[in-house]
Amino acid sequence: MADIRSLPRIDEHATVVAADPAAVWAALLETVDGIGASPAGAGYARLVRSRYPKASGPRPLAEGSTIPGFRVETAVPVELLALEGRHAFSEYALVFRIEHVDSGSSRLSAESRAAFPGPHGRLYRALVIGTRGHVVAVRGILARVRRRAERA
């Protein structure tokens with residue numbers, strides 16, 4: 001796997017969460033692990049021949065844990081969760097950052113990075129990034145984390 005920072009930046013999305021960073025961290029770990037545990041996530045990881053086709057490693061998620069499609073590259077509790085992966089059409093990373101805003105809120109961001117080598121990679125990029133499916137998916141993750149943290 002290439003260094004995450006060397007992958008081209010795709011985009012970044014963020015949301016303000018009415019919860020402290022510890023609650024956001026717990027909600028982030030639960031949400032990301034839950035997405036990976038879904039039959040759709042596992043099926044998709046197998047379909048694209050992901051390097052990480054199934055969940056493994058410690059729970060809650062920690063460095064070295066995997067969910068279908070991703071491996072936890074870095075986990076700095078209450079601050080940073082960096083996921084990386086590779087499959088037949090792309091090498092990618094999804095980096096979540098949590099920042100303290102004030103006594104009752106936090107900012108959660110998700111930065112996407114990816115390389116799409118070769119003609120199949122370019123086609124895959126068009127299907128995933130060009131259709132904005134990626135944007136919908138990442139914003140959906142952020143919204144789920146926000147709802148879960150605000151309920152806690």
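**Exercise 1. Find arginine 132 in this predicted model and say which loop holds it and whether it is buried, partly exposed or exposed.**

Step 1. Start with the location: arginine 132 sits in the loop between H3 and H4.

Step 2. Now look at the backbone. The phi angle of arginine 132 is near 70°, a positive value in a residue other than glycine.

Step 3. Finally, check the surface. Partly exposed covers the range between under 20% and over 50%. Arginine 132 has a relative accessible area of 48%, so it is partly exposed.

**Exercise 2. In the loop between H2 and E2, what is notable about the backbone at arginine 49 and at the bond from arginine 59 to proline 60?**

Step 1. Arginine 49 belongs to the loop between H2 and E2. Its phi is near 60°, which is positive although the residue is not glycine.

Step 2. Add the accessibility: arginine 49 has a relative accessible area of 57% and is therefore exposed.

Step 3. Move along to proline 60, found in the loop between H2 and strand E2 (66–67). The peptide bond leading into proline 60 from arginine 59 is cis, with omega near -5°.

**Exercise 3. Take arginine 107, leucine 108 and serine 109 in turn: which are buried, and which is partly exposed?**

Step 1. Place them. Arginine 107, leucine 108 and serine 109 lie in strand E6.

Step 2. Apply the cut-off, where buried means under 20% relative accessible area. Leucine 108, at 0%, is therefore buried. Serine 109, at 1%, is buried too. Arginine 107 has 29%, so it counts as partly exposed.

Step 3. List the partners, leaving aside neighbours within four places in sequence. Leucine 108 is in contact with residues including Val24, Leu28, Phe96, Leu142 and Val145. Serine 109 contacts Glu12, His13, Ala14, Val95, Phe96, Arg97 and Leu142. Arginine 107 touches, among others, Glu12, Thr15, Arg97 and Glu99.

Step 4. Set sequence beside space. Leucine 108 and arginine 146 are 38 residues apart along the chain, with their C-alpha atoms separated by 8.3 Å. Arginine 107 and alanine 126 are 19 residues apart in sequence, yet 30 Å apart in space, C-alpha to C-alpha.

**Exercise 4. Describe the largest pocket: what is its volume, and which element gives the largest share of its lining?**

Step 1. The volume of the largest pocket is about 830 Å³. Its lining has 34 residues, and Tyr44, Phe70, Tyr124, His134 and Ala137 are the closest to its centre.

Step 2. Elements that contribute two or more residues include helix H1 (21–37), helix H2 (39–47), strand E5 (90–102) and helix H3 (118–130). H4 gives the largest share, 6 residues.

Step 3. Sort the lining by class: 24 residues are nonpolar, 8 are polar and 2 are charged.

**Exercise 5. Step back to the whole chain: how many helices and strands does it have, and what radius of gyration?**

Step 1. Count 4 helices and 6 strands. In sequence order they read β-α-α-β-β-β-β-β-α-α.

Step 2. Compare the radius of gyration with the rule for a compact globule. For 152 residues the expected value is near 15 Å; the chain has 15 Å, so the two agree. The C-alpha trace spans about 50 × 30 × 25 Å along its principal axes.

Step 3. Finish with burial and contacts. Buried residues account for 43% of the 152 in the chain. Of the contacts between residues at least 6 apart in sequence, 60% join residues at least 24 apart.

Notes: Residues are numbered from 1 along each chain as its sequence is written. This is a predicted model: local features need pLDDT of at least 70, side-chain atom pairs count only at pLDDT 80 or more; totals for chains, interfaces and linings use all residues. Side-chain values use heavy atoms; hydrogens and water are left out. On a 1 Å grid over the protein atoms alone, a cavity is a set of points where a 1.4 Å probe fits but cannot get out, and a pocket is an open set with protein on both sides within 12 Å along at least five of seven lines; lining residues have an atom within 4 Å of a point. Grid points are joined across faces, edges and corners, and a volume is the space filled by probe spheres set on the points. Ala, Val, Leu, Ile, Met, Phe, Trp, Tyr, Cys and Pro count as nonpolar, Asp, Glu, Lys and Arg as charged, and the others, Gly among them, as polar. The radius of gyration is taken over C-alpha atoms; the globule rule is 2.2 Å times the number of residues to the power 0.38. Buried means under 20% relative accessible area, exposed over 50%, partly exposed in between (1.4 Å probe, protein chains only). Contact means heavy atoms within 4.5 Å.
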